[in-house]
Structure formats: structure tokens, C-alpha cells
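Please open the structure in your viewer and keep the selection tool at hand. The tour below proceeds stop by stop, stating what to select and what is found there.

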Amino acid sequence: MRAGQVLRPKRPRSFQITLTLSTVAVLVFLVGSSLRPWSPKRGLGLAFGVLAALLFVVEMLYPARRPRARPFRSAMGWLQFHVHAGAFALVAALVHTGFRLPSGRLGWWLLALSSWTVATGLLGVWLQKWIPASLAEGLRVEAIYERIPSLVDELRAEADRLMQGAGDVLERFYRSEVRAPLAAVNRSWAFLLDVRGGRERALEPFRRVAQFVDAGERQRVLDLMSIYTEKMELDAHYSLQGILRGWLVLHVPAAGLLMGLLAVHVFSWFWY
Amino acid sequence: MASATQRAELLERHARRLRLMVPAEAADLRELPLFSGIPEKARDKVVEKVRRYVHKVELTAGETILREGDYSDSAFYVVAGSVEVVLASQAGRPDTLARVRGGAHVPPSPARPGAKADNLIGRGASLLGVAGDLAGERKQLGAGEIFGEMSALSRYPVSATVRAEGVVSLLQIRLPGLRLLTATSKEFKKFLDSRYRERSLALHLGSVELFSKLEASVIERLKQRAELVSFEPGQIVEQEGEQASAFYLVRGGFVKVSVAAGSSDLAVTYLRKGDYAGESALLVDQAWPFTLQALDHAELVKIGKAEFRELTARYPGLEDELWREAVARLKARAVALENPTQSEYVQMAMETGLIHGDSVLLIDLSTCTRCDDCVRGCADAHAGVPRFVREGQKYRNWLIPTACYQCTDPVCMMECPTGAITRAIGTLEVTINEKTCIGCGNCAERCPWGNIVMIETQERRSDGKLVELATKCDLCLTRPQGPACVQMCPHGSSVRISFKDLDRVTQLLR
């Protein structure tokens with residue numbers, strides 16, 4: 001998948017709306033701040049703060065899309081809203097501050113967390129476009145994440161069966177170089193850049209061994225190679241599907257913390 | 001949930017029915033008039049072959065043999081006694097033609113408030129039963145009569161309920177037996193054809209959208225003059241380049257439509273129940289622009305050139321419609337020749353059996369994040385138990401999960417002992433009623449794609465074992481938003497399609 005495809009919005013219309021709203025928000029700030037000093041505590045500054053806070057709260061409702069995706073027509077509508085409203089919420093928060101750096105510790109935390117949450121959200125968008133395309137284009141095998149360890153066990157058992165009665169050379173090669181990597185799922189970040197990465201290098205020893213065995217054994221080597229290739233594909237699936245699940249660790253706790261601090265911020269504004 | 005007693009009673013009734021079925025003896029069969037059309041020399045061999053598919057059944061008064069709306073793969077020959085045939089009044093049937101949906105997001109069912117006519121695609125392939133001239137009547141069939149053969153051969157729902165009038169002795173002939181008999185005995189074939197012509201052909205012709213505006217008298221004449229033809233799998237119906245002399249209407253099975261391109265053969269589309277072919281050649285009096293080949297046991301109605309011309313002369317509207325169809329077909333032919341990839345999709349669908357499906361779930365793996373929200377959505381819609389697995393065949397970047405295809409000919413519905421698996425006439429969704437399912441597993445065994453799964457429940461049988469019930473995708477029938485697997489996919493990767501909708505297939509799969 002090319003970078004251009006990854007950057008292309010899934011629903012260009014939603015992207016255009018977000019971009020327009022963000023531009024309007026910045027223009028409002030520019031005009032407003034030129035007329036009178038901009039303050040987050042009153043007037044338009046406060047309005048943008050309220051808007052950003054409300055949007056962040058609505059963003060937290062994303063898990064409520066199930067079971068019927070209401071009020072949107074589909075879960076896809078929900079996700080699109082989640083992504084674009086989240087991005088706009090950050091713009092609204094920045095307009096609220098008047099594009100000035102915070103003065104207090106709470107302000108810094110709020111700015112850092114909202115930026116982090118939006119950035120990790122956008123990272124998630126990128127991963128969710130990049131990884132599925134890589135998996136679909138680069139691999140033949142398709143597997144359900146939770147089943148991959150058991151599928152790997154099955155492959156190893158199949159390889160063991162295949163090697164029963166194999167000649168000395170092949171048997172030694174299998175025991176020393178193949179069985180251990182076949183035994184468990186190997187995760188690697190490298191698959192993120194190249195889903196078939198390292199495959200040729202890993203298969204090279206098989207090709208060499210095939211030259212030293214007789215014609216009868218050669219088919220066995222080819223079958224073993226096919227099992228090994230499948231195992232590498234499962235490794236890639238496990239690594240990348242793991243990343244697709246794991247990135248939420250970067251996004252969700254920060255979003256939760258942001259909600260907490262936002263509540264403190266709103267409460268302190270009312271109180272003081 | 002049905003009470004354990006109810007289910008036990010249904011189970012016992014099924015077991016009793018199975019006990020009543022006894023393999024037929026060759027000596028008994030040989031003497032039956034059913035086999036009289038087979039030449040003396042070949043008769044023993046045919047009887048021996050057919051015997052595997054024939055069982056003797058003895059029933060008592062009031063017992064139901066066939067239920068209206070069910071699918072059946074058997075014909076019943078009355079050996080002794082009589083049966084009562086009860087046909088529902090036509091008033092109880094839907095007044096519009098049932099249509100086959102491609103997208104299947106919004107079915108033409110009152111259960112879905114959002115149903116719109118423009119969501120329906122494909123020609124009016126009627127799923128109506130073949131009630132024939134007997135609608136609203138009760139009829140008695142005695143010894144020597146046969147019933148259920150049309151439903152079994154054409155795979156239409158049974159059009160009447162049949163009950164035993166007293167003690168009745170029947171021969172249940174399964175579909176392979178029926179096919180053997182029709183192939184070996186010309187007289188038997190003639191007998192079946194005459195009955196089909198007499199009872200059902202008029203209704204069948206009238207239910208085809210193309211002929212829906214024809215007057216009864218015209219249909220009647222067509223009924224007398226049309227020829228009924230059967231083709232074995234792989235048999236050529238018409239060869240491209242040969243002079244066209246007939247118009248064909250499909251009454252059962254699937255027919256491949258292809259064009260020759262060099263030494264290879266490009267699939268353009270396929271025909272199924274209610275579809276027709278021949279207009280492209282007959283309207284311009286040219287040779288066949290396509291080859292028609294039976295994909296399975298195909299039953300066709302052949303209308304001669306002269307009758308066809310009479311019809312088009314009498315009904316200009318019909319001719320216009322045929323022209324439109326002819327242009328569309330010739331366009332599809334040109335597209336197939338220009339872009340052989342499109343043909344590959346149809347070919348793949350034929351080879352994998354996807355053509356049988358009216359609503360096949362596909363997942364685009366290049367956008368699917370494997371979040372399983374489709375499965376969760378399905379589980380949410382079905383009391384926590386999903387009706388499909390996100391595993392299955394892979395074609396290019398598409399996954400074809402093990403979810404019910406909602407087949408045009410749902411073989412799973414044949415021989416359900418309690419009628420628990422049903423498809424309401426005029427609708428698409430094949431559903432299982434968990435209250436009357438006894439967990440016999442017939443449907444799961446019959447589904448060629450393994451899309452019906454037996455799931456353990458908390459209910460226990462009298463022997464202490466847990467009751468297993470059949471479950472399958474029902475397209476979320478009661479869900480106004482349509483199938484949850486499609487609606488709840490956050491990336492729009494899940495789609496439901498019919499391979500008959502070639503434009504959409506090409507748009508998606510390219």
C-alpha cells in the first residue's frame with residue numbers, strides 16, 4: 001500500500017467538513033482576538049472551551065455504538081464521527097487557549113493529554129489502514145488472532161509427523177534449525193514495515209538442504225518449507241493483529257485520564 | 001424456548017416416522033406401474049439402482065406427509081389407500097412477485113419498516129409454490145398417483161399440504177431415484193411432464209415477471225405448446241453460433257451463460273429459476289451469441305420461435321422489455337470479452353457454489369482490522385450466540401466467512417422433520433424456529449457449505465444429554481437496521497451480495 005492511499009480519508013466529505021470547521025474556528029479566533037483581548041474564561045474563548053469539553057465527552061461514548069450504532073446509521077458512521085470530532089476537539093481546545101502555552105500544571109497536563117489522545121487516535125487510524133492492506137496483499141494465510149497459537153501447535157505437530165522416517169541429514173537439520181522456531185509464535189515489529197520481511201533469508205537453508213538430499217527426500221523438504229512459510233505468515237498475523245489490538249493501550253487510558261482532568265478543570269473553573 | 005416435553009414429543013414423532021420407513025424390496029417395485037415404461041431387459045437393473053432411494057412408508061389417518069411451503073427432495077407414490085391434498089387459497093399468498101435481493105440489507109418483508117422497492121434487484125424470480133389449478137381446493141389422490149415430484153425436481157416449495165386419509169401405504173422416492181427414473185423411462189418422464197404441464201406450468205409462466213401481463217388464454221396456449229426439457233450437469237443447452245430456434249425459461253437449476261474467446265470460454269453470467277434466455281438471438285433472427293450450459297440438473301421450459309414471435313407481435317410492451325434485456329445481455333457479452341477479469345468473478349462464483357447464494361457475506365481483508373465487531377454485532381442480535389464464524393474461503397482480498405448464503409434452492413430445508421427450518425413464501429431469509437427444532441442435524445448435514453452449526457443449549461433430553469439445536473444466519477430478520485455484521489463493521493468491510501448483481505460484484509472485487 002502506498003503512503004498516499006493511507007493518507008487518503010475514507011470519507012472525503014467528513015474530512016472536508018472537519019477541515020472547514022477547523023478553518024472557521026481559527027478564523028473566528030483571529031477576528032475575535034483582533035477586536036478584543038482573547039480570554040479562555042469568557043466570550044468566544046469560553047465557548048470554544050465548552051465545545052471542546054463536550055466533544056471529548058461525546059468521544060468517550062464510542063463504546064456505546066453497540067448494539068445498534070445509534071444515533072448514526074452504522075458503526076462506520078460512529079467511527080468516522082469519533083475520528084473527525086476528536087481531531088476538531090483538539091483544534092477547539094487550542095482556540096480556547098488562544099494558541100498560548102498553559103501557565104499552570106493542570107493546563108499543561110490537559111494540553112499534553114488532549115494532544116496525546118488525538119495523536120494516538122490518528123496513529124490508530126494509520127495502523128488500521130496500513131496493517132489490513134499489508135496483511136491482505138502480502139500473505140496467503142488468514143487467521144483469527146486468538147487461534148494463532150493453536151494453529152502454530154498444529155503446524156509443529158504436522159512437521160513432526162512429516163519428519164518421521166526422514167534421513168539423517170534432514171532429521172538433523174529439522175532438529176537443529178527448524179523445530180525451535182516452529183515451536184512458538186514469534187512476534188516482531190519488523191512485520192510492520194515488511195510483512196514478508198526475512199522470508200527469503202529464512203528459507204535459504206531449506207534450499208541448501210534440498211541440494212544434499214536424494215530426490216525422494218526433496219519433496220519432504222519442500223513440504224517442510226511450505227509449513228515453515230505458513231508459520232512465518234502466522235507470525236506476521238500475530239504480530240500485526242497484536243499491534244492493531246495493542247495501540248488502544250496508548251489511546252484509551254490517556255483519554256480516560258483526560259476526562260478526569262477535564263472534570264477537575266471544569267469544577268475548578270466553577271468553584272474559583 | 002420450547003418446553004422439554006414439546007421437543008421430546010416432536011423428537012418421538014420423528015423417530016417413529018423413521019421407524020416406519022422400510023427399504024423397498026426389488027420384487028415389489030418391479031411389478032409397479034411406475035416401472036412399466038422401462039424396457040423389460042433393463043428393468044431389473046434400473047429397479048436395483050433406484051431401490052437405494054426408495055422407502056416404503058405406512059401412515060395412519062391424519063398424519064401429515066408434506067406441508068405447504070416446505071422444501072422436499074422426495075416424491076411419494078401411493079401404493080394403497082389414499083391421501084388428501086389441501087391447497088391454501090391464493091388469497092393467503094402475497095400478491096406481488098417475490099424478488100431476490102442482491103444487497104440484502106433491507107428485505108421485502110413487513111418485519112423491516114425500511115423496505116423499499118428500489119432496494120430489490122434482479123428479475124422477479126418467483127419463489128412461489130406451484131399451486132396450479134387446484135388453489136383453494138381439496139383433492140383426493142388414490143393408489144397409482146404420485147405427488148411431491150415437482151417440488152423435488154424443481155426445488156420449489158411444496159405447494160400443498162398432504163395428509164393420509166386412512167391407513168396409507170406410500171413409496172418415498174428420493175431425488176436421485178426420481179432423476180434415474182426420468183432418465184431411464186421415457187414414459188415416466190412423459191407422465192411427470194404432463195402432470196407439470198397440467199397442474200403448474202400456467203402458474204409458473206404467470207409468475208415470471210416477463211409474462212405477468214399476458215392474458216390467461218395466451219398463457220393457456222403457451223402451456224400447451226411449450227416443451228419441457230431437462231439437462232444433466234455440464235450438458236450444453238445451446239451452442240454459441242448455432243441458429244436460434246427457441247426461447248428458454250429456467251424452472252429449476254442453474255445454467256451458465258458464456259462466450260468463446262479464443263480457445264477459452266468466458267462466463268458472462270448465469271441463469272436461475274425465473275430467468276430466461278434466447279431473446280438476444282430471436283429478436284434479430286441471428287445465431288446464439290452465447291453458449292448455455294447446465295451447471296447442475298437444470299429444468300427448462302422451451303418456447304418455440306413461432307410462439308415467441310406471436311407473443312412479441314401481440315404484446316409490444318413485452319417486446320420492448322425483451323429488447324432492453326437483449327441489449328443488456330449483449331453489453332455484458334462485450335464487457336466480458338473486453339475485460340476477462342469480470343468473467344473470472346462469475347467463474348469463481350460458479351466453481352465455489354456462491355451462485356447459489358442470494359445474500360453472501362464477504363469481508364474485505366484489505367480494510368478489515370480483525371476487530372470482530374461483526375461477530376459481536378451478530379452475537380448481540382442473537383442472544384449472545386453469533387451465527388457465523390469469521391473464517392472461510394479466501395478469494396483475492398476477500399474472505400467468504402461461514403455464514404448462510406440464503407440459497408435460492410435451500411437444500412437445508414429438505415427433510416426437516418418438524419418444518420422448523422422455513423422460508424416464508426416471497427421472502428429471502430431461511431430461518432430456524434428454535435421452538436420446533438428437535439436437533440436432528442439434517443439441515444446441518446445437508447448444507448454443502450457447512451453454514452449451519454449445531455449449538456448445545458442448557459436444555460436436557462430425557463437421557464440427560466444436552467439438547468443441540470441448529471443455528472444459522474437469518475439476516476437479522478427482526479432487526480430494522482438489517483444484518484448486524486454489515487451495520488456494525490466500523491470500517492465498512494462487510495458486505496452482502498448476490499453474484500447475480502454483476503455490476504456490484506465487479507465494483508467490489510476489482
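## Stop 1: Two helices of chain B

Select helix 3 and helix 5 of chain B: on the helix 3 side, B:Ala42, B:Val46, B:Lys49 and B:Val50 meet B:Gly177, B:Leu180, B:Leu181 and B:Thr184 of helix 5. By class, the residues of this contact comprise five nonpolar, two polar and one charged. Please bear in mind throughout that this is a predicted model.

Next, display the two helices in full, residues 40-51 for helix 3 of chain B and residues 175-184 for helix 5 of chain B. Their axes are 9 Å apart and the packing angle is about 160°. Because angles over 145 degrees count as roughly antiparallel, helix 3 of chain B is described as roughly antiparallel to helix 5 of chain B. The crossing of helix 3 of chain B with helix 5 of chain B is right-handed.

## Stop 2: Chain B as a whole

Now select the whole of chain B. This chain contains 16 helices and 25 strands. Of its 510 residues, 45% are buried. Among the contacts in chain B with a separation of 6 or more, 75% join residues 24 or more positions apart.

## Stop 3: Two buried residues of chain B

Select strand 24 of chain B, residues 466-471, and pick out B:Ala470 within it. Is B:Ala470 buried or exposed? B:Ala470 is buried, because 24 other C-beta atoms lie within 10 Å, and a residue counts as buried at 20 or more.

To see what surrounds B:Ala470, leave aside its neighbours within four places in sequence and select its contacts: B:Ile432, B:Cys437, B:Gly439, B:Gly441, B:Cys443, B:Ala444, B:Ile452 and B:Met454. For a sense of scale, draw a distance from B:Ala470 to B:Lys302, which is 168 residues away along the chain; the C-alpha atoms of the two are separated by 40 Å.

Move on to B:Pro157, in the loop between helix 4 (149-154) and strand 8 (161-164) of chain B. B:Pro157 is also buried, since it has 21 other C-beta atoms within 10 Å. A second distance may be drawn here, from B:Pro157 to B:Gly62: the two are 95 residues apart in sequence and, C-alpha to C-alpha, 21 Å apart in space.

## Stop 4: The domains of chain A

Turn to chain A and colour its two assigned domains: domain 1 (11-139 + 247-271) and domain 2 (145-245). Taken over C-alpha atoms, the centres of domain 1 of chain A and domain 2 of chain A are separated by 45 Å. How many residues does the contact take from domain 1 of chain A and from domain 2 of chain A? The contact takes nine residues from domain 1 of chain A and nine residues from domain 2 of chain A.

On the domain 1 side of this contact, the largest share, six residues, comes from helix 5 of chain A. By class, that side has six nonpolar, three polar and no charged residues.

## Stop 5: Helix 4 and helix 5 of chain A

Keep helix 5 of chain A in view and add helix 4 of chain A; the axes of these two helices come within 10 Å and cross at roughly 150°. Helix 4 of chain A is therefore roughly antiparallel to helix 5 of chain A. Their crossing is left-handed.

To view the contact, select A:Val83, A:Gly86, A:Ala87, A:Leu90 and A:Ala93 in helix 4 of chain A, together with A:Ser114, A:Ser115, A:Val118, A:Gly121 and A:Val125 in helix 5 of chain A. These residues divide into six nonpolar, four polar and no charged.

## Stop 6: From chain A to chain B

Remain on helix 5 of chain A and select A:Gln128, which lies in this helix. A:Gln128 counts as buried because it has 22 C-beta neighbours inside 10 Å. Not counting residues up to four places away in sequence, A:Gln128 touches A:Leu244 and B:Thr369.

Finally, display both chains. Their contact takes 20 residues from chain A and 23 residues from chain B. On the chain A side, the elements that give two or more residues are helix 4 (75-97), helix 5 (105-138) and helix 9 (215-246). Helix 5 of chain A provides the largest share of that side, six residues. The side of chain A that touches chain B has 13 nonpolar, three polar and four charged residues.

Conventions:
Residues numbered from 1 in each chain as written. Chains lettered and ligands numbered in written order. Predicted model: local features only at pLDDT ≥ 70, side-chain atom pairs only at ≥ 80, totals over all residues. Contact = placed C-beta atoms within 7 Å. Helix = DSSP H or I, 4+ residues; strand = E, 2+ residues; numbered from the N terminus. Nonpolar A, V, L, I, M, F, W, Y, C, P; charged D, E, K, R; others polar. Domains from an automatic or database assignment. Buried ≥ 20, exposed ≤ 12 C-beta atoms within 10 Å, placed from the backbone. Axes fitted to C-alpha atoms, helices over the stretch in contact; angles between N-to-C directions. Parallel < 35°, antiparallel > 145°, perpendicular 65-115°, else oblique. Left-handed = near helix turned anticlockwise from the far one by under 90°.
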